[in-house]
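This report describes two bound ligands and the residues around them. The sequence and structure come first.

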Amino acid sequence: MTQDTAQPVAAVGDAPRPPDGTDPALLMELYRQMVLIRRFEEKCQEMYTKAKIGGFLHLYIGEEATGVGAVSALREGDHIFTHYRDHGHAIARGLDINALMAELFGKVTGTGKGLGGSMHFADASKQFWGGYALVGCHLLLAVGTALGDTMQRKPGVTMVFFGDGATNGGEFYEALNFAQLWKLPVVFVCENNLYAMGTPLEVHSSVTEIYRKAAAFDMRAERVDGNDVLVMREAALRAVDHARSGQGPVLLEAMTYRFRGHSAQDVQKYRSKEDVERRRSGDPIEVFRRQLLAWGVIAAADLRTLEHTIDDQVEAAVQFAEASDEPGVEWIRQSGVYAAAITVDPPIHGE
Amino acid sequence: MPVITVREALRQALHELMQDERVFIIGEDIGHYGSTYGVTAGFLEQYGAERIRDAPIAEAGIVGLAIGAALVGMRPIAEIMSVNFSLLAFDQLINHAAKIYSMFGGQMHVPMVLRTTNGWTQLSATHSQSFDVMFAHVPGLKVVAPATPYDMKGLLRASVADPDPVIFIEHTLMYTVKGEVPDEPYEVPIGRSALVREGRHATVVTYSRMVHLSLQAAEVLSREGIEVEIVDLRTLRPLDMSLAIESFKRTGRGVVVTEDWQSFGTSAEIAARLYEYGFDYLDAPITRVNFREVPMPYSKNLELKTVITVDRIANAIRDALK
Ligand SMILES: Cc1ncc(C[n+]2csc(CCOP(=O)(O)OP(=O)(O)O)c2C)c(N)n1
Ligand SMILES: [Mg+2]
């Protein structure tokens, strides 16, 4: 059984016009973010090949509409947690791409001073609490910030991203139960890209419509076309409203597809080139671009100008990362591991 | 000074801490049930269900939520009923609590406390373990295991005030241990050991409940003319060996007493540091007293042969003096 027959995904890009009242500036911004993620990550792949970037590199290419649409529904003061495939969410949340590229280069100007790398982008000032690398385990942290906000009577909503593969482990069920039990403002966004690494959805999950897993908790849930940025945004806005109004959490299942391997090392034995090619023909960025032009909201020349600007920004990010310093050894002393000063007497490692 | 139990000392500290609106307690059976060991009995009635959160039996969740809440300004005190159940939360503790500060380059920190308890009394193999070494192994965590009511109160306050994640280890067989505790609030600093008995013949390095058994062994030996010095580490990470090493340099003989398995256990690390820093003063091999290395048996007969007794400690000290 091919993935396509197992998982029908709604057609994208067939809406005759933008949703009523959609500001052209917003459409342009969504498009800008999607292209920035795409170009940033193409550059990441290139830099990985040149060994400027090490470790695991999980690209979001193909899934941009999901992250951009979902994050666009959030306000300042809201929170984001995500998994190791975190570049898209970070860029959508407005993290500085210079700092992101520097993080990948392991430089001190990186978001995490070069200590985290690709899987651990974070910016506390934007309440982007980070990319986490233990599948499904960060969902509980997200429920925790929602609890903290609720107890402090703050209006924040926490959005947490994870894959289809994260919905089989115990943490997923613990998180959904806690969130629904205590009516916490969490929007769970499952990015169903049909594979957990190389294991197809129907091989890893007894229920392949992930949103139905919320039924066990009486939780509101919706399956949406995550490849259509506007559809994704609308669903996220509904979910965020619901959560913010105190009615409890929502599970969104965003149907999407990654065009690249699971990580840069993946040789993709588990799917055919043809499958991927067929999917690429519905590239969410291309589809959205055609929509924008067809709707006459934006001129082709403006799009091209935007795309050039983005290329320049990405190139500048590489220059910035290249020119930056490496982190200092203070980070590998015992004092670098704690927020509070500590003494170890006698010291270890001859510190 | 009033003399109270460890349980009372912990309750005092928690009552004081609850005056801070940011503090809340989350754990299994801490509220409606009245708390497994009585520490938070009556808290639900006094502080309400929002701050005394009876949690589902979901240890990863309890710890994960506490970490998340700590990130946004709360001061959560998570309780895991027995340290044996903390295994289900190890991922949250090690991969999240211990990592968030440094992995993200110091942008955020996790001021949470996990209270949990070691102990045994015919609870057999799965309910009688100690994982002190597993917590203390991990950079990014702080681990305290006090022995006296005074230190329980002072260290619990210090743990909640601390900006880093702290594992606070109690002991089921210590809740009724009594000691002097001032009524007023005070803190005992994390990462400072204490000299609890002076002596010139041997140095016993220990912590938690074993401090009390070591003191009893010292009294027995005192009648034989042997005077042992006892150091209570109080904190396992960051580890303060300064007093222990200083004492060892005077006595030349060391005994390490820890209530866990010997191989790769806390006593191995403590003994290694004594050797590293006291080698030139060594008059005899350092001896160690630990649990026998087996899953804890149920039968009282076998259990008592598996755990540490005053006799076993006294014998180990005699051995160190040979
Ligand atoms: C707890 C845990 N187990 C296994 C892994 C190894 N691993 C990393 S990503 C992954 C697949 C996850 O798939 P999914 O949740 O669908 O996310 P996707 O990568 O497709 O976005 C696996 C098995 C891990 N990081 N954490
Ligand atoms: Mg997946």
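The sections below cover the basis of the model, the metal site and the ligand site.

## Basis

This is a predicted model, in which local features need pLDDT of at least 70 and side-chain atom pairs count only at pLDDT 80 or more, while totals for chains, interfaces and linings use all residues. Residues are numbered from 1 along each chain as its sequence is written, chains are lettered from A and ligands numbered from 1 in the order in which they are written, and side-chain values use heavy atoms, with hydrogens and water left out.

## Magnesium site

The magnesium ion (ligand 2) has as protein donors A:Asp164 (OD), A:Asn193 (OD1) and A:Tyr195 (O), at 2.0 to 2.1 Å. Donors are N, O and S atoms within 2.8 Å of the metal (3.2 Å for Na, K and Ca); because water is not among the atoms, sites may look incomplete. Along the chain, the donor spacing is D-x28-N-x1-Y.

A:Asn193 is buried at 5% relative accessible area, and A:Tyr195 is buried at 4%. Buried means under 20% relative accessible area, exposed over 50% and partly exposed in between, with a 1.4 Å probe and protein chains only.

## Ligand 1 site

Around ligand 1 there are 15 residues, and the closest are A:Tyr84, A:Arg85, A:Asp164, A:Gly165 and A:Asn193. A residue is near a molecule or strand if one of its heavy atoms lies within 4 Å of it.

Oxygen atoms of ligand 1 lie 2.7 Å from a polar side-chain atom of A:Tyr84 and 2.9 Å from a backbone N or O atom of A:Tyr195.

Technical notes:
A polar contact is a pair of N or O atoms within 3.5 Å; within protein, one must be able to donate a hydrogen and the other to accept it, and residues adjacent in sequence count only if both atoms are side-chain atoms.
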